[in-house]
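Hi,

Here is the structure I said I would pass on. Have a look at it first, and my notes follow underneath.

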Amino acid sequence: MSRDASSEEAPLHGIRVLDLADGSGELAGRLLADLGADVIRVEEEGGGRTRQAPPFHEGRSLYFAYRNFNKRGIRFDVERVRELAKRADVLIESYGPGGLAARDLDADALRAANPALVVLQVSDFGATGPYRDWASTDATLEAIGGMQWQAGVPEKEPLLPPGTPAWDIAGVMGAWSVLAALWQREQTGHGQTIDLSTVLALAQQTNWAFSNGTYNRARGNDQVEGRVGSGPMYKIYKCKTGYVRLVILSPRQWHAMREWLGDPEYLQDPLYDSFLGRMQIADALAVAIGDLFETLDHEELAREAQRRGIVCTPVLNPDEVLANEHFVSRGTFPEVEYAPGARGPMQAGFAEIDGEVQGYRHRAPEPGEHDDEIAAELSGGGLWSERREAPSGPPPEPSLPFAGLRVVDFGIGGVGVEAARLFAVLGAEVIKVESRSAPDFIRVVMSTEMSASFASSNTSKQAFGVNLKEPRGRELVHKLIEQADVVIENSSTGAMEKMGVGWETVRNINPRVVMGSAQLLGAHGAWSDWIGYGPSTQPVGGLVHLWSYDDQEEPAGSTSIFPDHLAGRVTALNVLAGLLRRQRTGLGGHVQLAQVETVTGLIGDLLLRVGLEPGSEQPRGNRSEWGSPWGSYPCAGSDQWVAITIDSDSAWKKFVAAMGEPEWAKKPEYDTLEGRRAAQDEIDAQIREWTGTQTKTAVVAGLQMFGVPSAPMFTGAEQAGDPHFQARRYPRWVDQQDLGWMAFEGPCFEGSGMADVVVTQAPKVGEHTREIGRHRLGLSDAEVDALIADGVLEVPRD
């Protein structure tokens, strides 16, 4: 359980947030409340829209309960909102373009009355761009945002993920953007308005398909982008009691697996030490591994594999997740009050700071529950009684919020490096620490020292090549830490301590530093020493089980590396909260994250229902409690799909009109959700026939004319060529050294006080070693040369 928000140790103690978000971005306010801010949820008459959002238990929305705990609640009154905005640090809204004005409010006017106010405006496509007024749901955003195309098998339709990941990821990035603006306010005194696009927030975090897709397209390589289940790299195997995901990438992992198979002579060829080499015997190897695995229980099998140093995790269903020994040992799902007088297992939070979970303190509010309390505070005597002090002077020119911050990046793969990237593109000096003896595996994944995936996650950084196995190398890194504000890492549990840069060492070197650590399953708990990659968390967190078809037992699988990029952003968010606390206390702190808890965190409401109604959550394919019909439908061309989601009876009428009022759609029973749900098979067949002769662009263009929530399914490369992504300046083309032209992911938000992001090519190994040695470590050129000769420092090979 978390400390009380009134504690001055809470990172955002004293920060006041007015939260008008309802749906997309709703999680932002809760994350700020988790970190200690006083968040007031403002609901319109009758309660917020998401009080009617599934999943439900006994008529109560668990969706709302999960995304609104730790908040207080009042009813919407325009004059009261204006008065509270004069006293707030942050106002969040997700009404969409023009939504504030429709409620007689205006962001510029609110900021004129309180120049220190940060206004976060979340909308599905952003306030600008050709799709800004499109009708949408979370599901249609997943289709166009890149979350769908890699999930499922080629013989069936692509799969939408469970939950509402697009809206929730917008919440994570909304909270991040707010803290970046508050950090900037520490320097300027001024607030600003932030325009955040949910679809771009999602697109940033599906995986590296955008960078790799544009890299291939720039070379005229129209590589097929499609579904292959879990694929050969993240393969799922059946065992005696369920399924496991096995990932074998390094020679050491392969040798351990080969030994488990009995070290047969036919597997001894050194060619098989590489993943590409093993692909030549993939079918035979799958049979041999399958024969071994079918005799073992899925959790027993995973434990034995981990004992041998093999990356393997069990596919758990939601009921197993709640009962799992690791989550129980971590206290991930405490039994708490989720509604007045009602209790259930709720994920406590997403991260810890200094050993304290930043999360649950009290249930979500009832409509207007704190009306009188807040009215009394406005009258004097409470947190909201005083107006915020106006800054002196006019607002400065837009600038990069993190200019002057120094970050030491030990990240590998996709988590730590993405956390550091967020700081780098907004102006921080980020030094990536690595060596050829212990390279970032994504750098060398293509058997060279640069890959498109690595370049994407390491843009705008400096590279310091140093061997931490050498005492002198550790001394130099310690000196970098002395000068740092932030240290980020995501190595396996205990690895940083073995390298001489664990938290206790870092804190002794620099008590003001904030360190972010993101381990696979967390730094404590029954399975804390397990190894793996981002996709290894999907099975343990229940995602693989739920992200599947409803008519087959075997998990459909996805090749997405989710949640790597998201876990990086949650790490960065909590690190930045730690920096804001340092402004007040002078002390740093240690952020710790279990990557798997970003997976469970995005389906926390579904897991809560399972705790209340065992067995209630099973794979649904593309069907949803949010509406009907709801799914993916084929269009003309090869593997072309469109998402269509009918979320209300009025949306159904619009859909029928958009299709030209066909006779089959005029049945009276189709006018209600219950009637459509009962007939969804026959309705889906008719929709497939209608969409199958048209391009996905034509289908969506016609449906959007009538305001029907719909979107084309996009791959990463398709996003780069789309007019909305281009209008929002999302593709950032860079001539990347060692690779050539490719596009990096641009920003998902724009701040009125922030300069444009910095997106430059990623560095070679040790590219800035000499410069850092001179300017940061005080070494002469001769000393640097001597350290290079001794194998302590490294520079590019050329």
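**Helix 10 and its surroundings**

In helix 10 (residues 251–260), the buried residues are Gln 253, Trp 254, Ala 256, Met 257, Arg 258 and Trp 260. Keep in mind that this is a predicted model. Those buried residues of helix 10 pack against quite a list of elements: strand 10 (243–247), helix 11, helix 12 (282–293), helix 13 (298–307) and strand 11 (311–314). Just after helix 10 comes Gly 262, with a positive phi of about 100 degrees.

Helix 11 (residues 275–278) holds a residue you may want to look at, Arg 278. Which side chain of opposite charge is nearest to Arg 278? That is Asp 273, 6.0 Å away. A salt bridge here requires a side-chain nitrogen of Lys or Arg within 4 Å of a carboxyl oxygen of Asp or Glu, and Arg 278 has none, although Arg 278 is buried. Leaving aside neighbours within four places in sequence, the contacts of Arg 278 are Ile 248, Leu 249, Trp 254, Tyr 272, Asp 273 and Leu 285. Trp 254, one of those contacts, is also among the buried residues of helix 10.

**The nine-stranded sheet**

Next, an open sheet of 9 strands, with mixed pairing and the order 15-14-21-20-19-16-17-18-28. Strand 15 (356–359) and strand 28 (793–794) are at the edges with a single partner strand each, so one side of each has no neighbour in the sheet.

Further in, strand 16 (residues 406–409) runs parallel to strand 19 (residues 486–489), and 3 bridges join them. Asp 409 has Ile 488 in strand 19 as its bridge partner. Strand 16 is also parallel to strand 17, this time through 4 bridges, and Val 407 stands opposite Val 430 in strand 17.

How many of the residues of strand 17 are buried? The count is 6 of 6. Glu 429, Ile 431 and Val 433 point one way from strand 17, while Val 430, Lys 432 and Glu 434 point the other way. So you'll find charged residue types on that buried list too: Glu 429, Lys 432 and Glu 434.

Helix 19 (residues 471–482) lies across strand 16, strand 17 (429–434), strand 18 (462–466), strand 19 and strand 28, and runs at about 150 degrees to strand 18.

**The three-stranded sheet and helix 30**

There is also an open sheet of 3 strands, ordered 22-23-24 and paired antiparallel. Its edge strands, strand 22 (630–634) and strand 24, each pair on one side only. From one strand to the next, the twist averages 20 degrees. Strand 23 and strand 24 are joined over 3 bridges in the antiparallel sense, with Val 642 opposite Pro 712 in strand 24. Helix 29 lies across strand 22 and strand 23, at about 35 degrees to strand 22.

Then there is helix 30 (residues 696–705), where Lys 696, Val 699, Val 700, Leu 703 and Gln 704 are buried. Seen down the helix axis, these buried residues fall within an arc of 120 degrees, so they line one face of helix 30. Thr 697 and Met 705, on the other side of helix 30, are exposed. What do the buried residues of helix 30 pack against? Their partners are strand 23 (641–645), helix 27 (649–658), helix 29 (680–691), strand 24 (710–712) and helix 31 (716–720). After helix 30 comes Gly 707, whose phi is positive, near 75 degrees.

Cheers

Definitions and conventions
Residues are numbered from 1 along each chain as its sequence is written. This is a predicted model: local features need pLDDT of at least 70, side-chain atom pairs count only at pLDDT 80 or more; totals for chains, interfaces and linings use all residues. Side-chain values use heavy atoms; hydrogens and water are left out. Helices (H or I, at least four residues) and strands (E, at least two) are DSSP runs, numbered from the N terminus. Buried means under 20% relative accessible area, exposed over 50%, partly exposed in between (1.4 Å probe, protein chains only). Contact means heavy atoms within 4.5 Å. The arc is that of the directions from the helix axis to the C-beta atoms. Two strands pair if DSSP finds at least two bridges between them. Axes are lines fitted to C-alpha atoms, for helices over the stretch in contact, and angles run from 0 to 180 degrees between N-to-C directions.
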